[in-house]
Amino acid sequence: MQAVVYHSQSIQAWEQRWFAQQNSSLGLMQQAAWAISQHLIEQFKQSKTRKIAVWCGQGNNAGDGYYIAAFLKQQGFCITVYATELGQSVDLKQAADYAQSNQVDIQSVDYLLSENAVHQELPTFDCHIDALFGIGLNRMLDPNWQDIIQLLNEQTGLKVSIDIPSGLNANTGQALPCAVQADQTFTILAYKAGLFTGQGKEYVGKLHLLSLIPVDQELKALAYLSPEKIVLPKRQAFGHKGSYGHVLVVGGHADMGGAVIMSAEAAFHAGAGKVSVICHAKHHQAILARAPNIMVRDINSLDQEDIEKLLKQVDAVCFGMGLGRDQWAEYIYQQWFALLNQNFHLEVVLDADALWFLAKTMEKLNHHIYATPHSGEAATLLGCTVADIEQDRITAIQQLQQKYAGRWVLKGAGSLTLEEQLFICRQGNAGMGTGGMGDVLAGMIASLKAQLHEQIALHEIVNLHALAGDLLAEDGVRGLQAHDMGKMIYKVVNENA
């Protein structure tokens, strides 16, 4: 079953419907705090954790913190609450009163930032529990709140966030402008998109989900998490190279030959039966020296009739890698694009420089076209800045599909895939932010779509690519090279078959 991700406003409305059925908001707060406390007590017993600081803000998220503090105090742990002034919530006041009635030591967070305390060291704690902000935060934090979060981050010991790391936007995964760097996050009721995309992975740590109330029919999904296990269909014993798809890789400006090589090799490693590269003839020798199983054609020798004939012989095309952006590249784009967009039997991947020309022409893509921009290319396509894209990646990919149609991958941390539904990729690592990884992904998409067509979803291919990257990064993320992905791709497509 697919794991579902929701918008924070949908979750808040779901809560309100639950309370409208005469269910207690205070009871839900206590239930969440109790569940988290039980998880932590087991952990603390094993790690011999004794001294715990709970940082409480002004909203109901802080109420969870006060109850957790009280429940841990009842189990004999040494608890200190660092609290701001209470907000208006009646439930929050009851939670704070309960903590006080259990002799929890409550001190002022503001004092920690005062001139009297600034030169004093905080007591050392084994664990800090972050209950400063919940999922409703959608504004930039003022300097005082930034100082509080920075102070919390500077402390030693395990850091645990309740619902979402304070300072992180629950829907976009953007820090506002800083957030608690948690080792663990206990998210309440349901997954929020910001836990998985944007900067979220940097702050969340190990994620635990506490599903405390039943899902109702009015709660609508924002996205789904790509499954970690992807099972590919088994091959029949009587198959041959013609059974597994013919991939055409088109690009390779005279000055840029590496991208088409990486795409073509990735296509073969992902299982394509045949792979051809159409590029500038000066790269043919290098391609054949690396992979003599790749067929090559000179891109400059093909007229419209040749291209039409070629497209009838293949199953998938990835177009744009190393194409360039000069007058020659523009001519090649115009020569190929309309034919690719009109040949519905093809699976077509548009990547790299093909996306740059798409942004200039703003043509609508048909349903068999997969566009795979990173945030810089997405910004060009939408006529905005990279910062705008990263500020709200989910809105960005939705706008890309609205503007251009087709099917989309927005690459980056927590890659997004949008066909009929939106999917978020949980796998992948920072080491994959290196030249050529996108070319490898384009080759994989073309290859697996050529083999399996609608038997494999776009988000599943993105996930396989990320899994291959994680295998490559097992010894470290620094210095990964895209051209080393081949063996890892071979491994993941066979482990999952």
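**Exercise 1. In what order do the twelve strands of the open sheet with mixed pairing run, and which strands stand at its edges?**

Solution. The model is predicted. Step one is to list the strands across the sheet: β8-β1-β10-β19-β18-β17-β16-β15-β14-β11-β12-β13. The sheet is open and its pairing is mixed. Step two is to look at the two ends. β8 (191-192) and β13 (295-298) each have a single partner strand, so one side of each has no neighbour in the sheet.

Step three takes one pair from the interior of the order. Strand β14 (residues 316-321) pairs with strand β15 (residues 347-350) in the parallel sense, over four bridges. Within this pair, phenylalanine 319 has leucine 350 of β15 as its bridge partner.

**Exercise 2. Describe the open sheet of seven strands and the helix that lies across several of its strands.**

Solution. Begin with the order, which is β4-β3-β2-β5-β6-β7-β9, with parallel pairing. The edge strands are β4 (105-108) and β9 (206-210), each of which pairs on one side only. From one strand to the next, the twist averages 20°.

Next, add the helix. Helix α2 (residues 25-47) lies across β2 (51-56), β5, β6, β7 (184-188) and β9. Relative to β7, α2 runs at about 155°. An angle over 145 degrees counts as roughly antiparallel, so α2 is roughly antiparallel to β7.

**Exercise 3. Place strand β5 among its neighbours and state whether its residues are buried or exposed.**

Solution. In the strand order, β5 stands between β2 and β6. Take the β2 side to begin with: β2 and β5 pair in the parallel sense over five bridges. Valine 54 has isoleucine 129 of β5 as its bridge partner.

Now take the β6 side. Strand β5 (residues 127-131) and strand β6 (residues 158-162) run parallel and are joined by four bridges. Cysteine 127 is partnered by leucine 158 in β6, and isoleucine 129 by valine 160 in β6. Isoleucine 129 therefore has a bridge partner on either side, valine 54 and valine 160, with pairing as defined through bridges.

The last step concerns the side chains. In a regular strand, side chains alternate between the two faces of the sheet. Cys127, Ile129 and Ala131 point one way from β5, while His128 and Asp130 point the other way. All of these residues are buried. With five of its five residues buried, β5 is largely enclosed by the rest of the structure.

**Exercise 4. How do helices α13 and α15 pack, and which residues meet?**

Solution. Start with the geometry: helix α13 (residues 375-382) and helix α15 (residues 393-404) pack at an angle of about 45°, and their axes are 10 Å apart. That angle makes α13 oblique to α15. The crossing of α13 past α15 is left-handed.

Then list the contacts. From α13, Ala378, Leu381 and Leu382 take part; they meet Ala396, Gln399, Leu400, Lys403 and Tyr404 of α15. Sorted by class, this contact has six nonpolar residues, one polar and one charged.

**Exercise 5. Summarise the protein chain as a whole: how many helices and strands are there, and what percentage of its residues count as buried?**

Solution. The chain holds 18 helices and 19 strands. Of its 497 residues, 56% count as buried. Along the principal axes, its C-alpha trace spans about 85 × 50 × 40 Å. Finally, consider contacts between residues at least 6 apart in sequence: 72% of them join residues at least 24 apart.

Note on methods:
Residues numbered from 1 in each chain as written. Predicted model: local features only at pLDDT ≥ 70, side-chain atom pairs only at ≥ 80, totals over all residues. Heavy atoms only, no water. Pairing = 2+ DSSP bridges. Helix = DSSP H or I, 4+ residues; strand = E, 2+ residues; numbered from the N terminus. Axes fitted to C-alpha atoms, helices over the stretch in contact; angles between N-to-C directions. Contact = heavy atoms within 4.5 Å. Parallel < 35°, antiparallel > 145°, perpendicular 65-115°, else oblique. Left-handed = near helix turned anticlockwise from the far one by under 90°. Nonpolar A, V, L, I, M, F, W, Y, C, P; charged D, E, K, R; others polar. Buried < 20%, exposed > 50% of the residue type's maximum accessible area, 1.4 Å probe, protein only.
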